[in-house]
There are 2 protein chains.
Amino acid sequence: MPGTPRQRAREQTLDDITRIGRRHLAEVGAAALSLRAVARELGVVSSAVYRYVANRDDLLTLLVVDAYTELGDAVDAAVGAAGPAAVDRFTALARAVRAWAVREPSRWALLYGSPVPGYAAPAERTTAQGIRVITLFAHIMDDAWRAGDVDGAGAAPPGLAADYQAIRDQLSLSVPDGVIAATVQAWSALFGAVSFEVFGQYGAATFGDPEALFDHTVERLAVQLGLAAAA
Amino acid sequence: MPGTPRQRAREQTLDDITRIGRRHLAEVGAAALSLRAVARELGVVSSAVYRYVANRDDLLTLLVVDAYTELGDAVDAAVGAAGPAAVDRFTALARAVRAWAVREPSRWALLYGSPVPGYAAPAERTTAQGIRVITLFAHIMDDAWRAGDVDGAGAAPPGLAADYQAIRDQLSLSVPDGVIAATVQAWSALFGAVSFEVFGQYGAATFGDPEALFDHTVERLAVQLGLAAAA
DNA sequence: TGGGTGATGAGAGCACCGCTCTCGTTTTCC
DNA sequence: GGAAAACGAGAGCGGTGCTCTCATCACCCA
């Protein structure tokens with residue numbers, strides 16, 4: 001039991017705030033998340049919460065990091081349990097992302113939906129957890145490339161070569177531009193598909209089996225990434 | 001000048017409310033949109049606004065329809081000005097969507113971002129405008145199919161055949177399941193790419209020329225749709 | 001061991017929000 | 001011309017984020 005009792009109590013209270021905030025977030029969404037409601041449930045007057053959290057945005061940041069961490073853990077576990085083939089690892093990653101998003105729509109919205117107006121998550125506190133999934137995805141592609149399991153890369157816009165090089169440096173990758181370009185596109189396509197389903201944006205077109213629709217999208221993305229042959 | 005003076009004044013006031021709300025929405029976002037602030041700018045006490053708008057959600061619905069209409073008009077104009085080839089029409093549609101989203105990020109977020117908690121846009125008032133872009137996209141693909149300009153369709157998950165048939169019926173299409181499946185996927189990928197850019201969700205990876213990145217995505221989508229040959 | 005110090009929580013209060021109700025006034029319609 | 005409907009102002013309710021003050025309590029060090 002490290003630290004003084006007061007320090008431990010402080011951490012306990014911060015954990016309680018995060019836990020209550022997480023539940024409220026899941027129930028009412030980010031925009032309606034109320035610091036006073038959290039205080040009420042904590043059994044404390046609202047001003048007391050400000051001893052632990054600078055303001056409402058700070059609480060949101062806490063929950064953003066919390067959500068990124070949980071999503072990252074879920075994806076790590078799923079990919080770790082998948083087979084060694086790149087296509088299997090990619091499929092496991094995509095399905096884990098979707099499963100978490102469907103299970104936690106409000107938290108998915110907090111991470112990948114429209115930004116809360118006037119609130120920008122401070123990069124220095126969120127990026128560490130926020131880049132876990134894309135980093136894992138990039139390394140799945142990088143491993144596949146070095147193993148010769150990914151088909152020849154497609155073209156990449158030459159004007160973005162410097163940006164691709166920055167990505168390669170930052171993530172210690174060895175894949176060529178074409179693979180990075182394909183990965184970036186698959187990345188946004190994957191998250192678009194998940195958000196479309198979670199946010200109910202397919203409009204009047206309802207799909208009886210959204211999981212089958214998603215799996216089909218993942219199959220096509222695997223082909224486009226050069227990880228699998230066309231069916 | 002049809003209608004009584006009072007009726008015309010009412011429509012004028014409703015237009016003013018929409019116009020002011022549109023500006024506030026662009027400036028502070030949907031979650032922070034305040035009916036009282038609109039009333040202040042209108043030069044009227046807050047309760048007076050309730051003579052024209054049932055509640056805050058009703059004002060949001062007004063702005064949703066307004067945004068869908070403007071987006072639909074912009075896309076229609078762009079596609080109308082494009083050449084007859086399907087790939088050109090699709091490219092024009094995609095670029096027009098992105099251009100509008102970049103120009104109007106808050107309104108894009110209102111339409112395609114995370115739903116405002118507790119608010120679901122009433123379908124009977126929004127779908128008419130909301131389905132314009134996807135309808136146009138579907139008909140571009142349908143025209144291309146009937147003209148023989150789209151390559152053989154890929155596979156489609158058989159479990160979704162009924163859903164594809166419903167879409168075909170609703171939009172009066174003649175394309176096979178594979179083309180519908182590809183269109184749906186391109187649709188969500190397109191909106192994922194736009195949202196990633198507008199919401200700044202590429203993370204640490206910044207792109208110096210986001211338009212070039214988007215154009216490359218559109219080129220790849222055109223290939224995947226069978227509208228163009230691989231570069 | 002005891003006192004100074006800093007952390008803590010309660011409470012009051014400010015400005016804002018959505019929304020409701022009442023009450024004169026004005027316009028419309030029969 | 002009078003009844004009815006529409007309208008805008010105003011007061012008010014309960015909620016929000018956030019600040020400030022004040023009493024209390026635990027901690028640390030002389």
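Two residues are in contact here when heavy atoms of theirs lie within 4.5 Å. Keep that in mind for the helix residue at the end of this report. The model you are looking at is predicted, and a good place to start is the fold of chain A.

**Chain A as a whole**

Chain A is built from 11 helices and has 0 strands, so its pattern along the sequence is simply α-α-α-α-α-α-α-α-α-α-α. Its C-alpha trace spans about 60 × 45 × 35 Å along the principal axes. Of the 231 residues in chain A, 48% are buried. If you take the contacts in chain A with a separation of 6 or more, 69% of them join residues 24 or more positions apart. On the outside, chain A exposes about 10,400 Å², and 53% of that area comes from carbon and sulfur atoms.

**Around DNA strand C**

Now to the nucleic acid. DNA strand C is surrounded by 22 residues, and the closest come from both protein chains: A:Arg10, A:Arg51, B:Leu35, B:Arg36 and B:Arg56. Looking at the atoms of DNA strand C that come within 4 Å of the protein, 51% belong to sugar and phosphate.

Which side chains place a polar atom by a phosphate oxygen of DNA strand C? Among them are A:Arg10, A:Tyr52 and B:Ser34. Here are their distances:

| Side chain | Partner on DNA strand C | Distance |
|---|---|---|
| A:Arg10 (N or O atom) | phosphate oxygen | 2.4 Å |
| A:Tyr52 (polar atom) | phosphate oxygen | 2.8 Å |
| B:Ser34 (polar atom) | phosphate oxygen | 3.0 Å |

A:Arg10 therefore appears twice in this picture, as one of the closest residues to the strand and as a partner of a phosphate oxygen within the 3.5 Å limit for a polar contact.

Several helices supply at least two residues each to the surface near DNA strand C: α1 (5–28) and α3 (46–49) of chain A, along with α1 (5–28), α2 (35–42) and α3 (46–49) of chain B. The largest share, 3 residues, comes from α2(B). By class, this surface has 8 nonpolar, 6 polar and 8 charged residues.

**A residue inside chain B**

Finally, let us turn to B:Thr183, which sits in helix α10 (residues 177–198) of chain B. Is B:Thr183 buried or exposed? Its relative accessibility is 8%, so B:Thr183 counts as buried, the cut-off being under 20%. What does B:Thr183 touch, leaving aside its neighbours within four places in sequence? Its contacts are B:Phe137, B:Met141 and B:Leu225.

Conventions. Residues numbered from 1 in each chain as written. Chains lettered and ligands numbered in written order. Predicted model: local features only at pLDDT ≥ 70, side-chain atom pairs only at ≥ 80, totals over all residues. Heavy atoms only, no water. Near = heavy atom within 4 Å. Polar contact = N/O pair within 3.5 Å; in protein donor to acceptor, adjacent residues only side chain to side chain. Helix = DSSP H or I, 4+ residues; strand = E, 2+ residues; numbered from the N terminus. Nonpolar A, V, L, I, M, F, W, Y, C, P; charged D, E, K, R; others polar. Buried < 20%, exposed > 50% of the residue type's maximum accessible area, 1.4 Å probe, protein only. Areas by Shrake-Rupley, 256 points an atom, 1.4 Å probe, with all protein chains shown as cover.
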